[in-house]
Amino acid sequence: MSSSEDESMSEVDEQEEQEKKTKSEGSVLDYIMSLESVPSKLPPHLDLMRTRVFCNNDAPDHTETIQYSGAYAALGVDNSIRLDKFCRNFKVQVNRLTEDDIEFDMMGIDPALANAFRRILIAEVPTMAIERVYIANNTSVIQDEVLSHRLGLIPIKADPRLFEYPENAGNDKNEKNTIVFKLHVQCEKGHPRITVKSNELKWLPDGSELPAEDVKPNSGSKPRTFTSFSCSQDSLPEFSTNPIAPKNLDIILAKLGPGQEIELETHAVKGIGKTHAKWSPVATAWYRMLPEVVLLKEVKDELAEELKNKCPVGVFDIEDIEKGRRRATVANPRACTLCRECIRGGKEWEDRVSLRRVKDHFIFNVESTGSLPPEVLFTEAVKILEEKCERVITELS
Ligand code: SF4
């Protein structure tokens with residue numbers, strides 16, 4: 001046999017040896033992992049700490065979320081954030097939906113993300129709100145600046161997605177970035193006092209009617225106004241069947257005595273709540289973690305009755321067991337407000353009842369001010385977060 005043949009034989013032997021070694025190492029690892037004493041998931045007490053907030057009598061405990069991917073590596077548990085895991089676990093369930101508010105459960109999401117949606121809803125989803133007020137006459141007792149502020153806070157029923165931000169158009173106030181309303185109310189002398197409400201705001205689809213410059217008598221030409229609309233807004237298909245108006249028509253703006261008058265024009269523009277609260281599209285946007293009420297011991301007879309009576313919102317109920325005895329059950333944990341009444345009255349009550357919150361299950365409530373339906377507001381918030389993520393990816397790449 002030649003020396004080159006000798007070398008190739010020894011290489012093949014080495015390869016086979018290596019494969020055998022890897023195989024035996026793999027089977028040893030499989031064997032170790034299959035041993036009962038080697039955990040493949042977190043022990044129950046650690047799992048509870050990871051997934052629940054404990055609401056103790058004095059203060060909540062385990063409020064943090066553990067983000068580090070290798071936090072449980074020693075126990076063979078992967079704690080990394082993975083897209084496939086998120087897609088598997090994430091769920092949304094709508095519980096209540098009306099014209100103005102929505103309640104839904106959002107499950108399998110990190111508290112930081114749930115809070116991002118809440119903050120975007122309050123401060124970054126745009127709406128239309130009155131920004132400029134041109135007062136021609138105000139002889140009422142309410143000052144111009146107070147009246148302007150009240151007008152700014154009136155929710156406008158107009159889809160902000162159909163408008164542009166005014167900054168994009170420079171000084172040009174056109175039909176794509178401005179909505180004009182006028183208000184002219186007078187209380188005649190000798191008549192009783194009148195209340196001016198938001199229903200007095202009349203939409204001007206053709207733009208401003210107030211002259212922006214001194215009108216020369218007998219000049220003949222039409223004076224320049226505060227806007228330059230190229231077409232009437234009510235000729236646009238979006239508004240022809242859905243005229244723009246304040247969302248609520250009974251908001252009190254001022255009271256006028258006999259002989260008093262208010263004449264003004266207002267311009268509403270697109271903006272976000274981060275600039276001023278008047279542009280915030282929500283009256284409230286809040287969430288709470290799903291409550292979990294657990295009886296650690298059986299609570300029977302008089303104690304069961306006492307526990308049921310302790311809870312002001314009816315979380316507990318009583319069921320009959322054998323021989324005329326009764327025991328407490330948790331009938332409606334979702335109603336728990338975390339008042340902690342059930343664990344007050346001594347250490348023994350803390351040993352009987354455990355109050356917890358599920359860290360990745362949020363009961364979300366959104367109440368719209370009226371510019372967009374609440375379910376649309378939430379989808380707009382999702383789009384804004386998506387845009388932010390895309391911006392970050394672009395900056396990093
Ligand atoms: S914390 Fe308050 S609301 Fe919740 S179960 Fe106890 S008593 Fe009822």
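Okay, one cut-off before anything else: a residue is buried if 20 or more other C-beta atoms lie within 10 Å of its own, exposed if 12 or fewer, and partly exposed in between. Keep that in your heads, and keep in mind too that what we have here is a predicted model.

Let's try the cut-off out right away on R326. How does R326 count, with 17 C-beta neighbours inside 10 Å? The count of 17 falls in between the two limits, so R326 is partly exposed. You'll find R326 in strand β15, which covers residues 326–330. Leaving out anything up to four places away in sequence, R326 touches K300, D301 and A304, and also I318, E319, D320 and I321. There's also E302: 24 residues away from R326 in sequence, with 8.6 Å from C-alpha to C-alpha.

Two more residues for the same exercise. T127 sits in strand β5 and has 26 other C-beta atoms within 10 Å, so T127 is buried. Then E298, in the loop between β13 (282–295) and α7 (301–310). E298 has 11 C-beta neighbours inside 10 Å, so E298 counts as exposed. Both have a partner from elsewhere in the chain. T127 and S280 are 153 residues apart in sequence, yet their C-alphas are 6.9 Å apart. For E298 and R352 it's 54 residues in sequence and 7.6 Å between C-alphas. And the contacts of T127, again skipping residues up to four places away, are P160, W279, P281 and S371.

Okay, zooming out. The protein has 397 residues, and 25% of them count as buried. The secondary structure comes to nine helices and 16 strands. If you take the contacts with a separation of 6 or more, 70% of them are between residues 24 or more positions apart.

Now the sheet that T127's strand belongs to. Four strands make an open sheet, antiparallel, and the order is β5-β12-β7-β9. Which strands stand at the edges? Those are β5 and β9 (202–203); each has a single partner strand, so one side of each is left without a neighbour in the sheet. β5 and β12 run antiparallel and are joined by ten bridges. If you want one of those pairs to click on, take R132, whose bridge partner in β12 is H267. Helix α5 lies across β5 and β12, at about 150° to β5.

That brings us to the packing. As a general point, nonpolar side chains in soluble globular proteins tend to be buried together. Here, the largest nonpolar core has 27 residues, and M128, I156, I179 and A268 have the most contacts inside it. Which elements each supply at least two residues of this core? That would be β5 (127–138), α5 (144–152), β7 (179–186), β11 (252–256) and β12 (261–271). Have a look at I156 in particular: not counting residues up to four places away, I156 touches M128, A129, I179, I244, P246, K247, A268 and S371. S371 is also one of the residues that T127 touches. There's a second, separate core as well, with 16 residues, including F117, A285, F362 and A381.

For contrast, go to β3, residues 91–97. How many of its seven residues are buried? Zero, so far as the cut-off goes: this strand is hardly covered. β3 makes a hairpin with β4, with three residues between the two strands. They pair antiparallel over six bridges. Two spots to check on that hairpin: R96 stands opposite E103 in β4, and K91 has M107 as its bridge partner. β4 (residues 101–107) also pairs with β16 (residues 353–368), antiparallel again, over seven bridges. M107 turns up there too, with H361 as its bridge partner in β16.

Last stop, the ligand. Which of the 13 residues around the ligand come nearest? C311, V315, C336, C339 and C342. As for the make-up of that shell, it divides into nine nonpolar residues, one polar and three charged. One caution on reading that split: Cys is counted as nonpolar here.

That's what I had; happy to go back to any of these spots on screen.

Technical notes: Residues are numbered from 1 along each chain as its sequence is written. This is a predicted model: local features need pLDDT of at least 70, side-chain atom pairs count only at pLDDT 80 or more; totals for chains, interfaces and linings use all residues. A residue is near a molecule or strand if its C-beta atom, placed from the backbone, lies within 6 Å of it. A nonpolar core is a set of buried Ala, Val, Leu, Ile, Met, Phe, Trp, Tyr and Cys residues joined through C-beta atoms within 7 Å. Two residues are in contact if their C-beta atoms, placed from the backbone, lie within 7 Å. Two strands pair if DSSP finds at least two bridges between them. Axes are lines fitted to C-alpha atoms, for helices over the stretch in contact, and angles run from 0 to 180 degrees between N-to-C directions.
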